[in-house]
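Please read the points below with the coordinates open. They are comments on a single chain, in numbered form.

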Amino acid sequence: MAPPAAVAEAGGGGGQQPRQQQQQGGFGITGIIRIAVFWYFASKFFSPKKPAETSNLISNLFQKGEPLDMWLYLSEHEKFNDFGNEASLVWHETNIPYATWGPESTRTLSLKYYPSEALKNNGSLYAHVFFARSGYPPDPNDPEYQPQAAFWRTHSVVAYLPKSRSDKRKSLLGNSKDAEGVESVAMVADDAEADSKDDGPVEWIAYWKPNITSNLVEDFTRYGHNAVPPNIAPYLNIEPSNGNYYPTIYFNEFWLLKDKLIAINESVTELPLNLEVGPISMMKWQLFLQIDQSFQVQRSYGSMLEGEADELKRVFLEGNPYLLVITMVVSLLHSVFDFLAFKNDIQFWNKNKSMEGLSAKSVVVSFLCQLIVFLYLLDNETSWMILASSGVGCCIEFWKIGKAMHIEIDRSGKIPMLRFRDRDSYASNKTKEYDDIAMKFLSYVLFFLVACFSIYSLMYERHKSWYSWILSSLTSCVYMFGFIMMCPQLFINYKLKSVAHLPWRQMTYKFLNTIIDDLFAFVIKMPTLHRLSVFRDDLIFLIYLYQRWVYPVDKKRINEFGFGGEDDQTSGGTDVTTAKEDEKKTN
């Protein structure tokens, strides 16, 4: 069915989501300039051009601590005026002090709601919340009704979300060898039928919101008549006769996660409903709005996927505060070490003049692994920011091949082809021989593991296509068995009895990141096999450290910049001899 019309929260004054721009500060002169520019635009847009006169200021119609009565009605109509229907009134509270903090300011109620047949068939339901000064009625038709004594807002209790797309994955063999073989065939048929319908209109499903939290914003600011901040103006409920504003009612759904919503269908007989009314500070209200706005912007830019905002909120709801702080600090260190490892890796290969002692085949295999991961992410419709990061990494790995080998374009055929040729510093010594031996035996192990895992995946897992099966199998093998590709370098180090040719700065930062990953393996929930796989790199790095300790520094060996220890001594001796000859000539 077509998506239902968007429901605007109505009342004394409707509202739309405010738009705010985040500013980031800096340090030094740049930071001062940014602050000055920000202050200029803030004074331009958020402040009046001239001091407003007292007569032009608008203020809150209610005073702090003033007692209020509250009525909450549930109706299937967006507009409500059936105050005489007692069945619609589900909650009534009296003498709620406005904008004060205490146990008497917060009221709660839990009840069961029995949906009607119309609601079960994608119907709508609205909560109409009315506030009035104690002793005054909310009904405009009541003789004692005072327009400046009552205010209200309307909130939809039903959320409409698009139905999840049918899973396009299927068993490529057409059946399954487990006990659920018959169900698998039926599932494949259902998937094929769903695939043909995916191009049609999106089906929308009604979900029940089990929590309704009505917050009264603590706002007693006196605004200029034409100088209300743009992030506040859409939510102000203005009284037309004198221009003053009613208290703002904010339906707080910040902590209402999507997995708490309940799908409404024919089988539902009763639904839980938790009601709460209480105050909220101006700063907290604006913080919630700003965070929600930031999530929406990030989703529109593709930097945040659907559901990631709920996962972040869940960390604050269910996580230990101390553990959360530690995780944030460790994550920051992980980012710093990752950047430093990347920086030193680029510097090493940019200045490297010799491939003696380095495994060129490992560089090629690293590029192939990065390319497989990139194609896998592209096939699974990952966000463009992750794709861009993986694509940049793929390009850097290819650039490193150009540093490790000679890349030439062969134009002898009809189609130009790339030809890779070993560098002289790599082929003219034992490095190439040892690299070939290590890669030969390790490739046998890797190919055997890849073949076994691919057959298992084909028999017991479901995929969208044969191309998707190939990518997912290769990607899984890269994640599980990719550390095997680090072993040729260990073999070369063992044969040459030296580690002076390795980029130790980059490896140090990567080792620190591996230790941080070990910490996350205990903090974050993950499968046991994946937790064990986190420690696979630790063993390789420990062997590297052992080799660095066992093998002494050979000053005759060329380092990563193409120089040896004896070169410095020879250069120093030559400079001294030249200086003595110049002195003799001068004398």
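The points go from the whole chain to strands, a loop and helix, and then charged pairs.

1. Status and overall figures. This is a predicted model, and every value below should be read as computed from it. The protein has 587 residues, of which 37% are buried. Its secondary structure comes to 16 helices and 17 strands. The exposed area is about 35,100 Å², with carbon and sulfur atoms supplying 60% of it.

2. Contact range. Among contacts with a separation of 6 or more, 77% are between residues 24 or more positions apart. Several of the points below give individual examples of pairs that are distant in sequence, such as Arg133 and Glu66, 67 residues apart.

3. The three-stranded sheet. Strands E7, E8 and E14 form an open sheet in the order E7-E8-E14, with antiparallel pairing. E7 (158-162) and E14 (262-263) are the edge strands; each has a single partner strand, so one side of each has no neighbour in the sheet. Between E7 and E8 (residues 204-208) there are five bridges in the antiparallel sense. One position to check is Pro162, whose bridge partner in E8 is Trp204.

4. Strand E9 and its partners. Which residues does strand E9 span, and how many of them are buried? E9 covers residues 211-218, and six of its eight residues are buried, so that the strand is mostly covered by the cut-off of under 20% relative accessible area. E9 runs parallel to E15 (residues 271-281), to which eight bridges join it. Thr213 has Glu276 as its bridge partner in E15. With E13 (residues 249-251), E9 runs antiparallel and shares three bridges. There, Asn215 stands opposite Tyr250.

5. The loop residue Leu257. This residue is in the loop between E13 and E14. Is Leu257 buried or exposed? With a relative accessible area of 3%, Leu257 falls in the buried class, because that class takes in values under 20%. Leaving aside neighbours within four places in sequence, Leu257 has contacts with Asp310, Lys313, Arg314 and Leu317. The C-alpha atoms of Leu257 and Lys209 are 9.7 Å apart, with their positions 48 residues apart along the chain.

6. The two aspects of helix H5. In H5, the buried residues include Ala309, Asp310, Lys313 and Arg314. These lie on the same side of H5, because the arc they cover around the axis is only 135°. Asp310, Lys313 and Arg314 also appear among the contacts of Leu257. Leu312 belongs to the same helix, which spans residues 308-318, but Leu312 is partly exposed, at 39% relative accessibility. Leu312 is also part of a nonpolar surface patch, together with Trp255, Val315, Phe316 and Leu317. The accessible area of this patch is about 450 Å² in total. Leu317 thus has a place both in the patch and among the contacts of Leu257.

7. A buried pair from distant segments. The structure holds nine salt bridges. In one of them, Arg133 and Glu66 have their closest N and O atoms 2.3 Å apart. Arg133 is in strand E5 (residues 126-133), while Glu66 is in the loop between E1 (57-58) and E2 (67-75). Both Arg133 and Glu66 are buried.

8. A linked set of charges. Asp345, Glu397 and Lys400 are connected in a network of salt bridges. In the Asp345 to Lys400 salt bridge, the N to O distance is 3.1 Å. Asp345 is in helix H6 (residues 321-351) and Lys400 in helix H8 (residues 384-404), so this pair ties together parts 55 residues apart in sequence. The other salt bridge, Glu397 to Lys400, has its closest N and O atoms 3.6 Å apart. Glu397 and Lys400 are both in H8, three residues apart, or about one turn of the helix.

9. Burial of that set. Asp345 counts as buried, at 9% relative accessibility. Lys400 is at 8% and is also buried. Glu397 is buried as well.

Conventions: Residues numbered from 1 in each chain as written. Predicted model: local features only at pLDDT ≥ 70, side-chain atom pairs only at ≥ 80, totals over all residues. Heavy atoms only, no water. Patch = residues over 30% accessible without salt bridge, like charges linked within 9 Å, V, L, I, M, F, W, Y side chains within 5 Å. Areas by Shrake-Rupley, 256 points an atom, 1.4 Å probe, with all protein chains shown as cover. Salt bridge = Lys/Arg side-chain N within 4 Å of Asp/Glu carboxyl O. Helix = DSSP H or I, 4+ residues; strand = E, 2+ residues; numbered from the N terminus. Buried < 20%, exposed > 50% of the residue type's maximum accessible area, 1.4 Å probe, protein only. Arc of directions from axis to C-beta. Pairing = 2+ DSSP bridges. Contact = heavy atoms within 4.5 Å.
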